[in-house]
Amino acid sequence: HYYITNNLRMMARACPVPNGEVNTKPPQTGTPIVTTTDENAVQSASDILCRGGVVALPTDTIYGVCCAVNNTNAINKIYQIKGRSFSKPLAICVSCVQEIPKCVDIGGSETILSKLLPGGVTIVLPRTSSLNPALNPGFQTVGVRVPDYHFVLDLCTAVRGPIALTSANISNGPNSTCIEEFKEIWDDLDLIVDGGQLPLSVGSTVVEISDHSFSVIRPGRDYEKTLKVLSEEHHLENRSSRVS
């Protein structure tokens, strides 16, 4: 079996604040920084996303950057900020499991989705025609998340639609567990939401599901739980490439 600890990077880039605390040092950037405890943080982030901005925020896994799915310019901006190849698709987040069928064809996966989400799993399913065609052009599927993190869920609710989400870093760089770890992109963002030090440095497990089988694209958080639900409880065939 694959063990998550094998994929955790060493915490060499120490963050200046303890777990769960927020750095109060004045930021060295012109980009606004708010904390998740600020009562206006969700509304501020929602307003910026609805205007086509890009926001960095904490999740249940690592820090990410996000934009509104229906804004093509904002999607392009994320790729520019990260130096990311357009051949790499973006995942989307929604506020609850009930919103997923608006974005993807869930087939007979409703029970599976309710067992794995909210949680640290990105589930890849056929996309629906309602999604912005500029999101991941050429891809017939899309990864969808319902993070186990209230701020992100509240933000999706405020935006009244899905948000596109990827890691807050330069493409192929290490994951970020505090805002200081992605300083190099601060000035390109429209808002930074500081949730303090996150406990993990591993992203979500990415898994593609069909009616009778599944394939793990990237092991991550909740990997063992994902295997248990799909293989043992629902008896889907594991077609994943061997992960060492």
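**Exercise 1. Is Thr 59 buried or exposed, and what is its relative accessible area?** Describe its surroundings in this predicted model as well.

*Solution.* Begin with the accessibility: Thr 59 has a relative accessible area of 4%, and because buried means under 20%, Thr 59 counts as buried.

Next, place the residue along the chain: Thr 59 is found in the loop between strand E2 (55-57) and strand E3 (64-68).

Then list the contacts, leaving aside the neighbours within four places in sequence: Thr 59 is in contact with Arg 145, Tyr 149, Val 152, Leu 165 and Leu 198. For one of these, Tyr 149, the C-alpha atom is separated from that of Thr 59 by 5.8 Å, although the two residues are 90 residues apart along the chain.

Finally, turn to the polar atoms of the side chain: the side chain of Thr 59 reaches the backbone nitrogen of Thr 61 at 3.0 Å, and a polar atom of that side chain lies 2.6 Å from the backbone oxygen of Ile 62.

**Exercise 2. Determine where Ser 109 is found and which residues it contacts beyond its neighbours within four places in sequence.**

*Solution.* Ser 109 is found in the loop between strand E4 (91-93) and helix H3 (110-116). With 5% relative accessibility, Ser 109 counts as buried, because the cut-off for buried is under 20%. Once the neighbours within four places in sequence are left aside, Ser 109 is in contact with Leu 125 and Ile 209.

**Exercise 3. State how many aromatic pairs the structure holds, and characterise the geometry and burial of each.**

*Solution.* The structure holds two aromatic pairs.

In one of them, Tyr 63 and Phe 182 have their ring centres 5.7 Å apart with 45° between the planes, and the pair is tilted. Tyr 63 lies in the loop between E2 and E3, whereas Phe 182 lies in the loop between strand E7 (163-167) and strand E8 (191-194), so the pair ties together parts that are 119 residues apart in sequence. As for burial, both Tyr 63 and Phe 182 are buried.

In the other, Tyr 79 and Phe 86 are 4.2 Å apart, centre to centre, with 20° between the planes; the pair counts as stacked because the planes are under 30 degrees apart. Here the two partners must be assigned separately: Tyr 79 is buried, with a relative accessible area of 4%, whereas Phe 86 has a relative accessible area of 47% and is partly exposed, because that class lies between the cut-offs of 20% and 50%.

Conventions:
Residues numbered from 1 in each chain as written. Predicted model: local features only at pLDDT ≥ 70, side-chain atom pairs only at ≥ 80, totals over all residues. Heavy atoms only, no water. Helix = DSSP H or I, 4+ residues; strand = E, 2+ residues; numbered from the N terminus. Buried < 20%, exposed > 50% of the residue type's maximum accessible area, 1.4 Å probe, protein only. Contact = heavy atoms within 4.5 Å. Polar contact = N/O pair within 3.5 Å; in protein donor to acceptor, adjacent residues only side chain to side chain. Phe/Tyr/Trp six-rings, centres within 6.5 Å; stacked < 30°, edge-to-face > 60°.
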